[in-house]
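Trainee: I would like to go through this model with you, from its overall build down to a single ring pair. Please show it first.

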Amino acid sequence: MSRSPVYLDNHSTTRTDPRVVAAMLPYFSEIYGNAASVSHRFGWEAAEAVERARTRVAEWIGADSKEIVFTSGATEANNLAIKGALPALKRRGDHLITAASEHKSVVDVMKRLGREGWNVTFVPCDETGRVSAEAIEAALTPATVLVSIMAANNEVGTLNPIREIGRLCHDRKIVFHTDATQAVGKVDVDVQVDGVDLLSLSGHKIYGPKGVGALYVRRRDPQVRLQPLFDGGGHERGLRSGTLPVPLIVGLDKAVELMICDKAEDSTRIRGLRDRLEAGIRGRVPEVQLNGHPTLRLDGNLNLSFAFVDGEALMMAMRDVAVSSGAACTSVEPEPSHVLRAMGRDDEAARASLRFGVGRFNTEDEIDYAIDLVAESVGRLRTHSAAWSATTGV
């Protein structure tokens, strides 16, 4: 008897919560006005929905509603935050800091800026993927104007000390951006307490729809000035032109509401399922290494290296369980994970790694099925490994 595939790739994207879908539906066919249409009721109703969402997102992260700019997702938000801030900062210096373990939408932006003449430092992370405030401080120069460090790593789940880094930057009047895409809703994020000037997030990581995200832009103490990436109708206070996707923004609003209401219950249950998955795999599969911090890690994250097994081959062998060998946005690239290599893993270990992402809709039955399939698949693949045979004598 066949069964439905098990989805354990919730860092890549999450299933849109049915309650989110229900909230969105009227805005496709009943309340369908353009939020920028100020001359009639259809536009007013759409604009009201947008502003409700803006207020909820702002309150969720300790911001003011006027500091929220809606985007198509975190990649656009990261680009707008970093590229948009530089024109106003250039007169003060030309030095930028990020980490080698950042998401590609930050790493690739920084590499491009380096080619364009900016002085970019990629600080190292430790063996757990964590970037310390001390590493940032050691990289600072009098010309440093912006630091971008993610709140939680998208591959290994490790949490970075954002509050310490934020205070360090504010003491030196350096703009601090954090890609909080994986962190918001799962750990406490407060832009005021954490000293964050720019923060990126995305709807589809929190059981909301794809195609919508937001950027927080600090308005005071200090005010951060951005230059838009493209021109148009001057939407979003001139920072992000384009007709707002009202149904998606309503979906983001509902997703945030549910994250607020369900956070404690979700966190406990998801962490329990993650620990069950790890214990089950370790109990049946030898030579397994955890990638990421053992405790300072997202509740749903489990990144493991399976010695003497190729990660891609393992994924193919267990088609009924959806996992990944790294970030989904880099899956078209054959290179080993840049995050794992930044953590000091060699190419062999990086290629032997899988990322499991446990989420809101997973069940114990699914976890147990995944354990069985991983154990069976690893065992079968290792029987074809000469290196495994030489090690075990089997």
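Mentor: Helices (H or I, at least four residues) and strands (E, at least two) are DSSP runs, numbered from the N terminus. This is a predicted model, in which local features need pLDDT of at least 70 and side-chain atom pairs pLDDT 80 or more, while totals for chains, interfaces and linings use all residues. Residues are numbered from 1 along each chain as its sequence is written, and side-chain values use heavy atoms, with hydrogens and water left out.

Trainee: How many helices and strands are there in the chain?

Mentor: The DSSP runs define both classes. The chain has 13 helices and twelve strands.

Trainee: What is the radius of gyration, and why does the chain count as compact as a globular protein of that length?

Mentor: The radius is taken over C-alpha atoms, and the globule rule is 2.2 Å times the number of residues to the power 0.38. For 394 residues the rule gives 21 Å, and the chain is close to that, so it is as compact as a globular protein of that length; its radius of gyration is 22 Å.

Trainee: What share of the residues counts as buried?

Mentor: Buried means under 20% relative accessible area, exposed over 50%, and partly exposed in between (1.4 Å probe, protein chains only). Of the 394 residues of the chain, the buried share is 55%.

Trainee: Which helix gives the largest share of the largest nonpolar core?

Mentor: A nonpolar core is a set of buried Ala, Val, Leu, Ile, Met, Phe, Trp, Tyr and Cys residues joined through side-chain atoms within 4.5 Å. The largest one has 92 residues, and Ile136 and Phe306 are among those with the most contacts inside it. Its largest share, 13 residues, comes from helix 8 (residues 246–284).

Trainee: How many aromatic pairs does a search of the whole structure find?

Mentor: Rings of Phe, Tyr and Trp (its six-membered ring) pair if their centres lie within 6.5 Å; planes under 30 degrees apart count as stacked, over 60 as edge-to-face and the rest as tilted. The search finds three.

Trainee: What is the geometry of the pair formed by tyrosine 207 and phenylalanine 361?

Mentor: The centres are 5.8 Å apart and the planes meet at 80°, which makes the pair edge-to-face.

Trainee: Which ring of that pair is buried, tyrosine 207 or phenylalanine 361?

Mentor: The two residues sit 154 residues apart in the chain. Phenylalanine 361 has 30% relative accessibility and so counts as partly exposed. At 5%, the buried residue is tyrosine 207.
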